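Trainee: I'd like to learn how to read a protein structure, one feature at a time. Please walk me through this one.

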Amino acid sequence: MILAVAVLCSIVLWTHCLHFTDVQPQQDFDLQQFAGEWYRVGIAYETPAFIKYKDQVMTSKGLLLPNENGGANLTMWTLSKGCFPNFYVYEKTDVPGLFTYFSQRHKMMKDITVVETNYTEYGVVLKYKKMDKEYTQVALYGRTPVLRPELIEKFRSFVLSLGFSEESIAVPCGEGCPLKLV
């Protein structure tokens, strides 16, 4: 019985990880159109620590600017250590919409994939990293801090299709909520 449960859990974990390898960047991605001011209005992160504190997640603001190497520089303002910015340098890859960056926090390279965007309203971005386990984050960005409910639902559906649980999804500012902006 224990062996059967272990095999079943292994299969579930294996198929869960397969979903992430199938995710491709948006076809014909254009960094120049994607550049500019964005708000992180939704995030999904399947870790117990995130799930425990997801109600404390706040909308973040960022500025993404193309750099001279064909990549992009991102400045994100969050309240985690006061209102100080975090800086990220996304390096260009051979695939438009797919970037890598070195995480100072985890001392490793990570992938960033722009999965879908209409450039003027929203963007869905997948962050994949491999540490002791495989962890993946999916973020919903908006040009404004509040998005249409159908975009939030589209984000939820996409995240759930990847195998995330409903409790791993945080949307700190939905339709009509008081804005918690940092």
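Mentor: Let's start with a term: a helix here is a DSSP run of H or I with at least four residues, and helices are numbered from the N terminus. Keep in mind as we go that this is a predicted model.

Trainee: Okay, let's try a helix. Which residue with a positive phi follows α4?

Mentor: That's Gly163, and its phi is near 100°. The helix itself has 13 residues and spans 18 Å from first C-alpha to last, close to the 18 Å expected at 1.5 Å a residue.

Trainee: Which residues of α4 are buried?

Mentor: For burial, we look at relative accessible area: under 20% is buried and over 50% is exposed. In α4, the buried ones are Leu151, Ile152, Phe155 and Val159. Look down the helix axis and these residues fall within an arc of 100°, so they line one face of the helix.

Trainee: Which elements give two or more residues to the largest nonpolar core?

Mentor: That core has 19 residues, and Phe155 is one of those with the most contacts inside it, along with Ala44, Val138, Leu140, Leu147 and Val159. The contributing elements are β1, β7, β8 and α4, with α4 giving the largest share, four residues. Click on Phe155: leaving out neighbours within four places in sequence, its contacts include Gly42, Ile43, Ala44 and Ile169. There's also a second, separate core of 17 residues, with Phe29, Trp38, Val125 and Tyr141 among them.

Trainee: Now for strands. In what sense do β3 and β4 pair?

Mentor: When you look at a strand pair, check its direction and count its bridges. β3 and β4 run antiparallel, with six bridges, and Leu74 sits opposite Tyr88 of β4. Carry on along the chain: β4 and β5 are antiparallel too, over two bridges, and there Glu91 has Thr100 as its bridge partner. Then β5 and β6 pair antiparallel over six bridges, with Tyr101 partnered by Lys110.

Trainee: How many residues lie between β4 and β5 in their hairpin?

Mentor: Five, and Gly97 in that turn has a positive phi of about 95°. In the hairpin of β5 and β6 there are four residues between the strands, and Lys107 has a positive phi near 55°.

Trainee: Back in β3, why does Met76 count as buried?

Mentor: Met76 belongs to β3, and its relative accessibility is 6%, so it counts as buried. Beyond four places in sequence, it touches residues including Arg40, Lys61, Phe84 and Tyr141.

Trainee: And charged pairs: how many salt bridges does the structure hold?

Mentor: There are five. In one of them, the side chains of Lys61 and Glu37 meet at 3.5 Å, N to O. Lys61 is in β2 and Glu37 in β1, so this pair ties together parts 24 residues apart in sequence.

Trainee: Which residues do salt bridges with shared partners join into one network?

Mentor: Glu121, Arg148 and Glu150. Arg148 meets Glu121 at 2.7 Å, and Arg148 also meets Glu150 at 2.7 Å. As for burial, Arg148 is partly exposed with a relative accessible area of 36%, Glu121 is partly exposed at 21%, and Glu150 is partly exposed at 44%.

Definitions and conventions. Residues are numbered from 1 along each chain as its sequence is written. This is a predicted model: local features need pLDDT of at least 70, side-chain atom pairs count only at pLDDT 80 or more; totals for chains, interfaces and linings use all residues. Side-chain values use heavy atoms; hydrogens and water are left out. Two strands pair if DSSP finds at least two bridges between them. A nonpolar core is a set of buried Ala, Val, Leu, Ile, Met, Phe, Trp, Tyr and Cys residues joined through side-chain atoms within 4.5 Å. Buried means under 20% relative accessible area, exposed over 50%, partly exposed in between (1.4 Å probe, protein chains only). Contact means heavy atoms within 4.5 Å. The expected span of a helix is 1.5 Å times one less than its number of residues. The arc is that of the directions from the helix axis to the C-beta atoms. A salt bridge is a side-chain nitrogen of Lys or Arg within 4 Å of a carboxyl oxygen of Asp or Glu.
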